[in-house]
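Please open the model in your viewer and keep the sequence panel beside it. The tour below moves from one selection to the next and says what is to be found at each stop.

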Amino acid sequence: MLKDMFKKTYTLLDTKYKKTSDEPSIPQGLWRKCNKCGQPIYVEDVKNNYYICPKCNGYFRVHAYRRIEMIVDDGTFEEWNKEMPFENPLNFPGYEKKVNAAKEKTKLNEAVVTGKGKIFGNEAVVAVCDARFLMSSMGHIVGEKITYAVERATREKLPVIMFACSGGARMQEGIVSLMQMAKTSAALKKHHEAGQLYISVLTDPTTGGVTASFAMLGDIILAEPKALIGFAGPRVIEQTIGQKLPEGFQRSEFLLDHGFVDKIIEREEMKETLANILRMHKMPEHPVDNLKGKEEECGLSFSHNTARDAWESVLLSRDGDRPTALDYIRTVFDDFIEFHGDRYFKDDGAIVGGIATFRGIPVTVIGQQKGRNMKDNLKRNFGMPSPEGYRKALRLMKQAETFGRPVICFVDTPGAFCGMEAEERGQGEAIARNLFEMADLKVPVLSIVIGEGGSGGALAMAVANEVWMMENAIYSVLSPEGFASILWKDSKKAPEASRVMKITAKDLYEMKLIERVIRETEPASSKNVEMIAEEMKQGLDCFLAKRLNMSGDELAAERYERFRRM
């Protein structure tokens, strides 16, 4: 009997709160059935769990004001343009009635809420789309509210954070809706040119004209897990091509793998992540003050291991226990947040990069990454970057230039990947573009060869104001095996080739091709990475103390003259 009563009650609740495409996912009431896993869930548990199903971890859509409550400090949000007059630019029949119904149902004036507030004390302009209002389609009022918010943020020198959730352009406004794509994008271009940060957060769903405008223009693009993100919807694509789409197509994880999203963030971690990003885009007023007392260490002299054979250095540079770029990034720097993707094709595991702090100074760190085991090496392609890896590195460097962050690169590659697909995607152009753009970067650039520095694949990360080498690293025009094979027709003569090629840190330091050698009292390994990191920190103190007060033109000129002398 109890079972029948529960079943009847549950059926009534399920019928009463049945979800439609433009209704809020969480109804008023005690229980409901999760539309993802089908399990009964207690509504209060869902609210207390960031609107995530406690049974299957499925994400429910969040109302605009609830989203603001979740990310903005209590009492700090100041809403802008809360009420704006309705207009029907095409005199579309029934449009006003539809909008009024959405207003009545949602208690919103339009499909986006904008204003400014603080996130753990960091002030920012915030815009949040609300899918309950005509699927948060972008009409002229949505475009106007977003454009005004961006323009005001630019004037007030504030970062912008936008949470996208939309079905795209608003059909009832036709071409006027289409123009909002250009209008919002133009405002964001001015914001970018003013050196101000824009963070785009993609939620479920982000489609159509919103995807093809403000949603995909972030300096940093974050996404919630499993969100639907795409230009054409999956149903349209399937009808057009007559094929069933693969599992996970157009979801956040798909976009991350294909290079269009920097990071997927769990909802409960969103506020802290945003606060950290905002904090790391604030350069201290006098950054050199953070390095006071370190300058005397700049005069350290180095005794290099002259007894080691060149071939021995080659073998040590390739040793499986040698610290990788990520080992040094995590040991030398604080607060590292990794970003992904080249925004064109893919995220290359052979290149890692993101933002971090050094002595409280925001920096961009990028490294060529090898694996520790076969599985990891396959993911990292044995440290051989593809074109998308170099394009990701360049994207991060240009981002650093926009926000005035020094760039520190860790070089460790046998060479750029030479597969057929790399040639199809323009490996030569990608490397050349890095050389071209790095030459003129208006921020300090330091490159450290920590293992193998193989040919143009290494140079594409080493057009720097200074280049340092680990004592047992190598830096060469190509591998000793390749050298011996080309010149002597015998790759077995690689040890002899390594001696005549002058590829060791000692050789290059004496030839004045590098500025500093990081000592390895014992060959670098997981056991002494902390000690080596301390020496890198001392060197960084000197490097930054000298260059943080230089102008962008002076930094670019110094870099140019460095290579001009060679």
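**A tour by selection**

Begin with strand E6, which gives three residues to the lining of the largest cavity, the largest share of any element. As you look, keep in mind that this is a predicted model.

Next, select Arg 67, Thr 203, Asp 204, Glu 224 and Arg 267, which lie nearest the centre of this largest cavity, out of the 16 residues that line it. The volume enclosed there is about 120 Å³, and the lining divides into 10 nonpolar residues, one polar residue and five charged ones. To see the elements that give two or more residues to this lining, colour strand E5 (122-129), strand E6 (160-166) and strand E7 (198-207). In the structure as a whole, the count comes to four cavities of 30 Å³ or more.

While strand E6 is still coloured, which cysteine sulfur is closest to that of Cys 165? It is the sulfur in Cys 129, and at 6.9 Å the two are too far apart for a bond. Cys 165 itself counts as buried, with 6% relative accessibility.

Now move to Cys 37, which is partly exposed with a relative accessible area of 28%, and show Cys 56 with it, since the sulfur in Cys 56 is the closest cysteine sulfur to that of Cys 37. The separation is 3.7 Å, which is too far for a bond because a disulfide requires sulfur atoms within 2.5 Å. A search of the whole structure likewise finds zero disulfides.

From there, select Lys 36 together with Phe 60: Lys 36 lies over the face of the Phe 60 ring, at 5.5 Å from the ring centre. A second arrangement of a charge over a ring can be found by selecting Arg 516 and Trp 468, where the charged end of Arg 516 sits 5.2 Å from the centre of the Trp 468 ring.

The last stops concern aromatic pairs, of which the structure holds nine. One of them is formed by Trp 31 and Tyr 42, a tilted pair with 5.5 Å from centre to centre and 50° between the planes. Trp 31 lies in strand E1 (residues 31-33) and Tyr 42 in strand E2 (residues 40-42), so this pair ties together parts that are 11 residues apart in sequence. Both rings belong to partly exposed residues, with relative accessibility of 38% for Trp 31 and 30% for Tyr 42.

Finish by selecting Tyr 328, Phe 333, Phe 358 and Phe 410, which ring pairs link into a cluster.

Technical notes: Residues numbered from 1 in each chain as written. Predicted model: local features only at pLDDT ≥ 70, side-chain atom pairs only at ≥ 80, totals over all residues. Heavy atoms only, no water. 1 Å grid on protein atoms, 1.4 Å probe; cavity = no way out; pocket = protein on both sides within 12 Å on 5 of 7 lines; lining within 4 Å. Points joined across faces, edges and corners; volume = space filled by probe spheres on them. Helix = DSSP H or I, 4+ residues; strand = E, 2+ residues; numbered from the N terminus. Nonpolar A, V, L, I, M, F, W, Y, C, P; charged D, E, K, R; others polar. Phe/Tyr/Trp six-rings, centres within 6.5 Å; stacked < 30°, edge-to-face > 60°. Buried < 20%, exposed > 50% of the residue type's maximum accessible area, 1.4 Å probe, protein only. Lys NZ or Arg CZ within 6 Å of the ring centre and 35° of its normal.
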